[in-house]
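Subject: Structure handover and notes

Hello,

I am passing on the structure we talked about, and my notes on it follow below. Please keep the view open while you read, and look up each place as it comes.

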Amino acid sequence: MNVWLALTPLAPLALALLATWHPVRPWCVRLAPLAFLPALVTALLPSSGGAIEWLLLGTHFSLDSVGRAFLLPSAVLWTLGALFARAWLARDPARGRFFGFFLAAAAGNLGVCVAQDIASFYLLFALMTFSAWGLVLHRHTPAAHRAGGVYVTLAVLGEAALLAAFVLIAASGDLSLAGAPAAAAISPARDLIVALLLTGFGVKTGVLGLHVALPLAYAATPAPGAAVLAAAMIKAGLLGWLRFLPLGHSLPEWSAVFIALGIAAAFYGVVVGLAQREPKTILAYSSVSQMGLITVGVGCAFAGPAAYAPALLAVTVYALHHAFAKGALFFGEALARVTRRRARRWVLAGLALPAAALAGAPFTSGALAKQALKDAVVFAPWAGLLSLSLTLAAIGTTLLMLRFLWCVWRAPVTVTRRPLAALASPWLVALVFVLVGVGAALRLPFDVSASALLAAAWPVALGVAIGALVLRYLRASFALPPGDVLVPIERVLAAASALRGPGVAWPRLRAPSFGGAVGEIERALRSWSVVGALLFLLLGAFTLLLVFAP
Amino acid sequence: MTLNTAMPLLVIATSLVTGLAIFFLAEDRHRTRSALNLVGALAKLALVAAMLWGVAQGDQYEARFALLPGIDLVLRADALAMLFVTLSALLWLFTTIYAIGYLEDSPNRSRFFGFFSLCVTSTMGIAFAGNLFTFFLFYELLTLSTYPLVAHRGTDKALRAGNVYLMYTLGGGAVLLVGVVWLYSLLGNVEFMHGGVLSAVPPQAHGQLATIFALLIAGLGVKAALVPLHGWLPVAMAAPAPVSALLHAVAVVKAGAFGIVRVVYDVYGIEFASDLGLLAPLALVASITIVYGSLRALMQDDLKRRLAFSTVSQVSYIVLGVSLFGPLGTIGGLAHLVHQGIMKITLFFCAGNYAETLGIHRVSEMDGAGRRMPLTTAAFTVAAFGMIGVPPTAGFVTKWYLGLGALDAGMPWVLGVLVLSGVLNAAYFLPIVYRAWFKPAPRRWPAEVARGHLETDGRLLWPAVITAAMTLAVGLLAATAFSPLDWAKLIMEREYVR
């Protein structure tokens with residue numbers, strides 16, 4: 001086996017283990033960005049895979065085209081994240097611990113891209129999931145502990161669903177990933193497998209209903225951690241779907257389910273995201289929305305063999321685009337926090353680029369991704385409607401990005417002496433990737449015909465116009481608590497645990513309680529959260545109608 | 001007497017002789033006693049390693065003595081016996097080291113280590129037993145040699161725990177005896193054989209065989225802590241930590257589970273048991289035990305009680321694997337015999353370390369323990385993830401094979417039990433891990449004792465760290481020769497391919 005390939009997960013893992021030893025910790029922090037060099041080399045150069053028979057249940061590692069499409073952005077983002085984290089946490093006494101978890105999560109994330117058998121995929125996926133728990137908890141604030149509790153609860157449920165799915169797939173006797181989709185397709189428990197994979201990986205990708213950990217976790221995690229969570233690790237869930245789901249087989253019911261969930265999430269993320277104030281929470285809901293669109297692409301791949309190739313292309317291009325854009329948004333958001341008005345103007349100008357890309361403005365990676373998705377959607381039976389939905393979603397995304405920029409602009413300045421240059425450089429690199437990286441990497445030419453440009457431009461323009469109107473005349477905003485439907489769920493759980501009595505040491509899943517004077521606000525929030533739940537149900541019912549209507 | 005005859009006897013003698021010698025040592029002969037213990041444990045381990053190699057090559061080790069007319073005392077080392085013997089011999093070494101550190105300066109150490117050795121002696125006898133009679137003999141010896149250990153501290157609580165233990169296990173022994181005698185009246189002496197010996201019994205006696213099966217399982221189920229026969233185990237956590245390790249990982253609970261394995265595979269035969277319809281009820285009992293134990297564990301604040309209920313749940317994975325007809329279930333159950341031992345002993349070592357070093361006995365006192373005792377907590381974390389079944393730990397390998405075995409045996413609902421159990425395990429282990437690593441430490445620990453320059457006494461620390469490393473190793477290297485999984489496959493081949 002190629003040594004770079006072997007080092008892809010091993011180098012960060014080794015450094016993470018070293019970071020547990022106190023005397024060498026500063027060195028681990030310093031060397032962290034270099035730990036991803038093997039992954040970068042592997043992603044860029046041809047490599048040979050190989051089997052390690054004695055490891056686990058017998059393992060196999062190699063890099064195929066799908067793996068490469070995920071490894072490249074992940075490796076870049078982890079490198080940038082490490083560079084950013086070194087500067088961002090320069091004064092954090094616990095940065096050694098942060099880097100330990102950071103590197104371990106990276107090892108898992110990069111490893112799943114090259115894993116070619118079920119057991120090692122599961123191992124690396126679990127490594128990533130549980131290491132990221134440490135990133136979420138890093139700040140030790142009540143919000144971080146709440147986010148950590150929600151995160152790990154969902155993670156455990158997801159892992160459990162995955163174990164069941166993997167065992168059902170492996171019952172065919174084939175442990176290779178190459179054979180997994182076919183094994184799932186012919187399994188008597190096919191539908192159960194797909195459902196388990198949908199939920200198991202859906203915890204990561206933020207499928208509607210399982211998305212509640214995302215807003216809390218992104219807001220609680222230090223900026224570089226949030227960036228890799230949102231840009232790189234979320235994609236590992238998507239990779240899981242591509243690796244295991246029986247895509248390319250004609251499963252119209254599952255196609256409908258994925259597309260319905262995806263469209264619902266695309267709009268739900270926008271609506272709830274618009275009701276947020278914290279920029280990182282807005283970005284989280286944007287991720288819910290964007291991953292919803294990617295889920296639509298996955299749904300299209302269930303439409304039959306002909307749909308598979310265009311759907312796969314759409315999903316990978318979209319994932320690549322979203323990874324860089326989201327990374328750039330998170331880095332820039334953090335940068336804006338430590339800059340005063342004047343410099344912040346420049347940061348905001350820079351942030352406008354990935355924001356426009358997410359909205360799908362012409363000449364951005366987003367335009368490419370949207371086009372690829374529209375090409376895939378034609379294979380779905382309700383193509384016209386879906387295509388319209390994508391356009392509407394672009395308007396929504398534009399609004400959401402405007403809201404984000406507005407909140408970044410208004411966010412209070414945190415006066416810290418952080419090395420601005422060291423923070424800005426990884427961000428700028430991410431911006432460059434947003435601008436040209438995707439097009440170059442995929443060698444896909446931009447469609448520069450007037451009609452295509454117009455098609456990409458008008459939703460963005462309309463969104464900007466609506467945003468301007470709202471800003472000028474309405475000035476009204478409504479608020480929903482981060483985690484939306486989680487809040488009523490937590491109340492039910494808290495009531496249940498109160499019934500059960502004391503003595504259980506689980507971190508109480510409870511919204512932070514407010515002081516007496518703020519009781520009014522809390523009551524308002526509560527009513528809003530009820531509205532949020534209703535909204536969620538209505539949207540779900542509506543979408544189902546939309547999909548199943550003849 | 002040839003070497004092949006002598007080997008099982010020698011293995012038993014290494015702990016029997018040292019145990020008897022220790023009884024006669026004066027209380028203050030600390031060094032001599034420790035030396036005897038360690039030499040005995042190491043010698044046993046060396047002998048076992050040699051036998052393990054021999055059995056893998058197909059050598060036969062058997063010692064047979066006529067005891068009564070028609071009843072032989074048979075000690076035989078087959079692959080299954082070696083699985084249990086190796087586990088016990090290895091963990092006994094670590095438990096001994098741990099106990100030496102744990103009981104430093106406490107009274108009655110000669111008595112303790114004497115019975116400690118006898119306890120392991122009985123376990124070796126159980127493992128090597130070549131027929132039901134021999135098995136029963138050592139099984140009862142184990143009960144008697146463990147009682148003084150459970151009651152060792154002599155407090156009211158300890159004595160009560162000892163009484164409860166004795167009532168349960170003697171009762172179980174009596175039921176087992178009824179089963180053994182009934183079987184003897186049907187067939188004469190019952191030798192353990194691959195593939196079972198009962199399939200030749202005429203069909204009109206099959207009803208009797210089913211009843212006998214129920215009796216045997218009930219008798220063995222007391223020690224294996226099958227619900228509702230598990231009541232003694234949480235009470236027995238009043239015993240010192242090394243005894244808990246012995247109860248939960250090395251000897252007692254394992255002896256019950258091992259007995260069930262023997263009865264199903266080598267008395268009834270898995271095919272015959274399946275034909276009689278005995279496996280489905282067994283799977284049901286095991287499943288109920290798994291879920292019930294986890295639910296009860298979730299409700300405990302006392303750390304050792306939580307671990308005790310966790311044992312109730314986890315040991316039944318072995319029984320579950322046995323009750324799944326097919327090679328994959330067998331492999332999973334047998335491998336878990338070893339896996340559960342390694343993981344659970346780590347957890348009890350760690351619980352003992354927290355109690356002895358910081359005075360922590362409750363989950364709610366665990367806040368910040370990871371900062372104060374990082375290695376212990378790292379070991380605990382690894383074992384806890386193993387219990388949940390997260391790869392690459394030993395627990396994952398077990399779950400994987402049990403899950404595949406369940407599908408293979410046409411009992412897909414068992415997969416649901418496994419998944420549920422994994423979630424419940426996470427629900428009662430992760431909060432501990434979370435508290436220890438991520439919660440701020442209290443200003444004062446409940447009862448802190450300085451023990452050397454490490455986070456605690458090295459004799460307490462290193463056994464836990466080593467068994468935690470083993471938890472990872474047997475999972476990561478599951479596909480390697482002589483891994484528990486590999487050995488379980490060997491046993492399976494000898495059981496199914498005849």
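Helices here are DSSP runs of H or I with at least four residues, numbered from the N terminus. With that in mind, B:Pro392 can be placed in the loop between helix H16 (374–388) and helix H17 (394–408) of chain B. Please remember throughout that this is a predicted model.

I begin with the backbone. The peptide bond that joins B:Pro391 and B:Pro392 is cis, with omega at about 5°. Another cis peptide bond joins B:Val227 and B:Pro228, where omega is about 10°, and B:Pro228 is found in the loop between helix H7 (206–223) and helix H8 (232–235) of chain B. As background, most peptide bonds are trans, and most residues other than glycine have a negative phi.

The sign of phi brings up some further places. A:Leu56, which is not a glycine, has a positive phi near 55°, and it lies in the loop between strand E1 (50–52) and strand E2 (59–61) of chain A. Is A:Leu56 buried or exposed? A:Leu56 is buried, because its relative accessible area is 0% and the cut-off for buried is under 20%. B:Asn108 is also a residue other than glycine with a positive phi, in this case near 60°, and its place is the loop between helix H3 (79–102) and helix H4 (109–128) of chain B. At 35% relative accessibility, B:Asn108 counts as partly exposed. A glycine appears in this part of the notes as well, since B:Gly58, which follows H2(B), has a positive phi near 95°.

Helix H2 of chain B (residues 30–57) also allows a check on length. Its 28 residues, at 1.5 Å a residue, should span 40 Å, and because the C-alpha atoms at its ends are 41 Å apart, the expected and the modelled values agree.

Turning to chain A as a whole, we find 21 helices and 2 strands. Of its 550 residues, 60% count as buried. Among its contacts between residues at least 6 apart in sequence, 83% join residues at least 24 apart.

Two helix pairs in chain A are worth following on the screen. Helix H4 (residues 65–88) and helix H5 (residues 95–114) have axes that come within 9 Å and cross at roughly 170°, so H4(A) is roughly antiparallel to H5(A). Among the residues that meet there are A:Phe70, A:Trp78 and A:Arg86 from H4(A), with A:Phe98, A:Asn109 and A:Cys113 from H5(A). In the other pair, helix H11 (residues 223–244) and helix H13 (residues 279–300) pack at an angle of about 15°, with their axes 12 Å apart. H11(A) and H13(A) are therefore roughly parallel to each other, and their crossing is right-handed. Their contact includes A:Ala230, A:Leu238 and A:Trp241 of H11(A), along with A:Lys280, A:Met291 and A:Val298 of H13(A).

Lastly, the cysteines. A:Cys113 is buried, with a relative accessible area of 1%, and B:Cys350 counts as buried at 0% relative accessibility. How many disulfides does a search of the whole structure find? The search finds 0 disulfides over all chains.

Best wishes

Conventions
Residues are numbered from 1 along each chain as its sequence is written. Chains are lettered from A and ligands numbered from 1 in the order in which they are written. This is a predicted model: local features need pLDDT of at least 70, side-chain atom pairs count only at pLDDT 80 or more; totals for chains, interfaces and linings use all residues. Side-chain values use heavy atoms; hydrogens and water are left out. The expected span of a helix is 1.5 Å times one less than its number of residues. A disulfide is a pair of cysteine sulfur atoms within 2.5 Å. Buried means under 20% relative accessible area, exposed over 50%, partly exposed in between (1.4 Å probe, protein chains only). Axes are lines fitted to C-alpha atoms, for helices over the stretch in contact, and angles run from 0 to 180 degrees between N-to-C directions. Angles under 35 degrees count as roughly parallel, over 145 as roughly antiparallel, 65 to 115 as roughly perpendicular and the rest as oblique. A crossing is left-handed if the near helix is turned anticlockwise from the far one by less than a right angle, and right-handed if clockwise. Contact means heavy atoms within 4.5 Å.
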